[in-house]
Structures are given as C-alpha cells and as structure tokens.
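Reader: I should like to learn how pockets, cores and aromatic pairs are read from a structure. Please take each topic in turn.

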Amino acid sequence: MKVSHEAPVPYMKQVRGLIDYDYCLPHMLDENKDYKDYFQESKEMGRYIIMDNSLHELGHPYDSERLAHWLYYFKPDEFIVPDYWQDKTATLVSAKEWISKDYPEGTTPMAVVQGKNKNESRECYNILKHQGYQKIAFSYGADWYYENGKS
C-alpha cells in the first residue's frame, strides 16, 4: 500500500519523509511559489508525482492551457485528466480530448469515473476503458455512493 497526504504548504517538506509520493494540485503551482518550489525539488529528487486537475478544490477542472503547461513543465508520473463532478457526459468528452494528446515520456494519463448513479458510472468506466485509458480511478463522495450505502 502506498500513502500520500496533502499537508499545508509550510509543513510539506516535513511530511515528505512520511509519504510514498507527492500529489500535486496545479492551480496551487500558479498561486504559491513555495508550493511550486516544493514540487520542483521533489522532481529533482526523483520522487513519484501524481498531478491532479484541481476539480475538488475549484469545483471545476483547472484551466486547460495551464494544466498543459504544468504537465509539460513537471512531467509527472501520472496526470489526472480533467473530469467533471458526477457529470458522465462532460467527463467523457474531456477524456476523449485528453487521451489524444501527446504526453511527456514517463507520464501516464489517468481518467476518473463520474456519474449521477451506478449505471452512469459503470457506463463511464466502460467508455473510458474503450477510449484507451490504462489507469482509471473512481471519484469519492459521489451522492449515489451514499445512497447505495444506506441500503
């Protein structure tokens, strides 16, 4: 099992020794020099980096041009392509666009399953797989998870 934990910026270096990989939020790279410097140092150290698209933090994926900029700047080990909270259609449209992009060598694109219910999520997963994604994640906290968990 691998462990990662997002810490407040002033404590990131202290936490680095306790975690297996770094989880990067690209909007923070533009907002905080210390955050950017931390990831620059992690990259130079050869640490495993997963770069997200900041959906959870912003309520929408970060700007595509800035995502592409940071993707090519840091060349993370994994990059979570833009997805849309519980929106299967928008997520699949985005995933189709991003799977066709050229990625830096060593970067694996990862898609996230989204949907309003179990059936939409299952369909989203199957289409992402068909689109060619080798890594597919499942979003946490979707409303239908909680509804299904009660029964």
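Author: The dialogue below treats pockets, then nonpolar cores, then aromatic pairs, and ends with a single residue. This is a predicted model, in which local features need pLDDT of at least 70 and side-chain atom pairs count only at pLDDT 80 or more, while totals for chains, interfaces and linings use all residues. Residues are numbered from 1 along each chain as its sequence is written, and side-chain values use heavy atoms, with hydrogens and water left out.

Reader: How is a pocket recognised, and what volume does the largest pocket have?

Author: Rolling a probe the size of a water molecule over the atoms shows where empty space is left. On a 1 Å grid over the protein atoms alone, a pocket is an open set of points where a 1.4 Å probe fits, with protein on both sides within 12 Å along at least five of seven lines; lining residues have an atom within 4 Å of a point. Grid points are joined across faces, edges and corners, and a volume is the space filled by probe spheres set on the points. Here the largest pocket has a volume of about 350 Å³. Its lining comprises 18 residues, and Tyr23, Asp52, His56, Ser139 and Tyr140 lie nearest the centre. Helix H4 (55-58), strand S4 (108-113) and strand S5 (135-138) give two or more residues each to this lining, and H4 gives the most, with three residues. Helices (H or I, at least four residues) and strands (E, at least two) are DSSP runs, numbered from the N terminus.

Reader: Which residues lie closest to the centre of the second largest pocket?

Author: The second largest pocket holds about 170 Å³ of space. Among its 17 lining residues, Glu6, Ala7, Met12, Tyr23 and Tyr35 are the closest to the centre. Helix H1 (12-16), strand S1 (22-24) and helix H3 (33-45) each supply at least two residues of that lining.

Reader: How should a nonpolar core be read, and how many residues does the largest one have?

Author: In soluble globular proteins, nonpolar side chains tend to be buried together. A nonpolar core is a set of buried Ala, Val, Leu, Ile, Met, Phe, Trp, Tyr and Cys residues joined through side-chain atoms within 4.5 Å; buried means under 20% relative accessible area, exposed over 50%, and partly exposed in between (1.4 Å probe, protein chains only). The largest core has 29 residues, and those with the most contacts inside it are Leu29, Tyr35, Phe39, Phe79, Trp98 and Leu128. Its largest share, four residues, comes from H5. Another core lies apart from it, with five residues, including Tyr21, Ile50, Ile80 and Met110.

Reader: How are aromatic pairs described, and how many are found in the whole structure?

Author: A pair of aromatic rings is described by the distance of the centres and the angle of the planes. Rings of Phe, Tyr and Trp (its six-membered ring) pair if their centres lie within 6.5 Å; planes under 30 degrees apart count as stacked, over 60 as edge-to-face and the rest as tilted. The whole structure has eight such pairs. The rings of Tyr73 and Phe74 have centres 4.8 Å apart and planes at 80 degrees, so this pair is edge-to-face. Tyr73 is partly exposed at 36%, whereas Phe74 is buried at 2%.

Reader: What does Lys43 contact, leaving aside neighbours within four places in sequence?

Author: Contact means heavy atoms within 4.5 Å. Lys43, placed in helix H3, is in contact with Ile49, Phe74 and Lys75. At 31% relative accessibility, Lys43 counts as partly exposed.
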